[in-house]
Amino acid sequence: MALGKKSFQSLKAKRYNEGDVRHTPQWVIDIKQEETDELDFGKWWTIYRVPTNLIEVQKNAFIPKIISIGPFYYRDVRYKVMEEHKKRFLFLLLGYESKDQGGDFGGYNLIELDSIVSLMNALEKRTRECYSEKFINISSDDFVRMMVMDGCFIIELLRLYHEFCTSDNRQKVVDDPIFTTRWMLRALQRDLMMIQNQLPFFVLQELYSLITSNPRKSFEVDNISLIDLTMNFFDPLLPKDETVNVDLDPNPEEYRHLLHLFRKSFILSVKRRKPLEVPRTGSTVKKPIFHSQLRTQSTRVKQDSHFIQSVTELMEAGVTFLEKSENSNVDMFDVEYNNGVLKIPTLFIDDNTVPLFLNFIAYEQCDKDATPYFTNHFMFFDRLVNSIRDVEVLHRTGIIHHVFGSEKRVAAFINKLCREIVYNVDNCHLSEQMKGVNGYYKAYYANKWYVWGTRLVRDYFSSPWTVLSLLAAVILLLFTAGQTFFALYAYYKPPKGT
């Protein structure tokens with residue numbers, strides 16, 4: 001009986017093994033046939049899909065409102081209206097005149113469309129490699145068409161905007177619907193600063209070089225670099241000192257896309273003060289390991305030094321918060337600490353800056369080569385803001401300017417954002433400032449007499465009214481003590497003769 005059972009099990013196992021051989025799953029066959037050299041290991045990725053956790057912070061900061069650029073939202077019906085504008089801008093770029101301007105769309109061509117298509121065909125493979133997804137559902141012809149339409153629209157938009165801002169004769173530009181519709185330009189500026197709505201910068205640069213090789217008659221904008229045109233277009237998104245020129249690298253190869261270029265204009269000054277080394281792609285420099293079991297004592301010390309208290313707690317310890325007015329419109333990262341005084345440039349939180357900051361942070365979170373300046377800066381504010389009271393203090397001192405309507409929304413936004421981002425304590429441009437603040441805070445609580453003295457000054461000498469109340473209380477106490485003294489004195493030593 002046992003032998004028969006064993007034989008049955010052996011026969012059953014053999015049958016299953018034979019079945020495995022005969023019916024190999026298709027996915028196993030596909031993996032075996034996959035060419036390793038065709039796999040995309042992310043070496044050239046520069047444009048990413050935003051992680052879901054960041055989208056949940058503020059969804060409308062990452063989803064375009066009116067225009068789709070690149071493959072992420074290709075053929076999305078929400079942006080169908082702008083396709084007509086893209087086609088119209090393509091005609092303008094090719095040199096056709098509209099009927100309203102005396103032409104019939106049969107005017108002279110500054111450049112042949114076939115030349116643009118040929119250029120984009122040559123760049124297709126390199127362009128696809130820049131995206132974190134393959135987009136196999138978009139055919140080669142459709143992808144090249146997308147590059148032509150989107151790239152030409154961006155180039156012509158930047159050129160017309162520069163002409164609109166600098167030329168005395170704006171009649172031709174002003175007549176364009178994109179410039180006459182008040183909300184449209186600002187919406188385009190916001191949409192073109194979204195990480196999922198980008199074309200590689202080399203595509204735009206190659207296209208711009210081809211176009212400017214056939215300059216438009218009396219069109220001086222063709223003598224201006226694409227970098228300058230980009231900065232001119234996006235500058236209104238964030239308050240800046242217009243009298244200060246940003247010394248950007250003129251080499252177009254330094255920039256990955258429009259978002260990357262505009263972000264670099266903010267971090268140049270802080271990089272000059274204290275460059276933070278981040279290994280580039282292919283570097284042999286080893287990056288720090290962040291496994292919890294491999295953290296050293298020095299790493300824990302660094303974490304402690306970067307964990308600063310809230311505004312309310314620091315003020316209780318005697319730290320003074322001031323707006324750093326000098327250079328605040330030039331360098332938003334220029335936080336300064338000196339002997340209990342923390343000076344912070346103004347942080348603008350509004351409908352323009354919030355999407356911009358969030359996309360900067362999303363790029364830093366996704367790209368291994370991006371130094372996390374904006375991530376660190378918002379983590380710094382997250383440490384300072386724990387309550388509505390903290391935001392009220394920063395708003396009153398001019399450090400935070402917001403249009404959210406309430407300090408509660410500002411605090412909730414900062415705290416929610418920073419719960420969703422990864423923070424690297426070994427790579428922070430505010431390390432020295434936070435160490436100084438922590439040292440001051442710890443020294444304050446190390447001396448009890450100093451703590452009591454500071455609380456006395458805070459509670460009773462913080463305003464003229466508290467000083468007057470204290471003086472009144474002291475005088476009343478003195479009168480009461482005097483009255484009691486004389487009453488007791490008269491009782492124990494009554495006057496003679498009574």
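A search of the whole structure finds 0 disulfides, where a disulfide is a pair of cysteine sulfur atoms within 2.5 Å. In general, such a link is a covalent bond between the sulfur atoms of two cysteines. Two cysteines to look up in your viewer are C418, buried with a relative accessible area of 7%, and C428, also buried, at 1%. Here buried means under 20% relative accessible area, exposed over 50%, and partly exposed in between, with a 1.4 Å probe and protein chains only.

A word on the model itself: it is predicted, so local features need pLDDT of at least 70 and side-chain atom pairs count only at pLDDT 80 or more, while totals for chains, interfaces and linings use all residues. Residues are numbered from 1 along each chain as its sequence is written, and side-chain values use heavy atoms, leaving out hydrogens and water.

Next come two residues with unusual backbone angles. Most residues other than glycine have a negative phi. F135 has a phi near 55°, a positive value in a residue other than glycine, and N339 likewise has a positive phi, of about 50°. The table puts their settings side by side; helices (H or I, at least four residues) and strands (E, at least two) are DSSP runs, numbered from the N terminus.

| Residue | Phi | Loop between | Relative accessible area |
|---|---|---|---|
| F135 | near 55° | α5 (113–128) and α6 (140–166) | 9%, buried |
| N339 | about 50° | β2 (336–338) and β3 (341–344) | 65%, exposed |

Helix α5 also holds L113, which is partly exposed at 32% relative accessibility. L113 touches L90, L94 and V148, not counting residues up to four places away in sequence; contact means heavy atoms within 4.5 Å. Of these partners, V148 is 35 residues from L113 in sequence, and their C-alpha atoms are 9.1 Å apart.

Which residues surround N359, leaving aside those up to four places away in sequence? N359 touches A61, F62, M193, M194, I195 and L259. N359 sits in helix α15 (residues 353–366) and is buried, with a relative accessible area of 1%.

Finally, an unreviewed UniProt entry places a "transmembrane region" at residues 465–492. UniProt positions follow the numbering used here, feature names are shortened, and annotations may be inferred rather than shown by experiment. In the model, residues 465–492 are 100% helix and 0% strand, with the end C-alpha atoms 40 Å apart.
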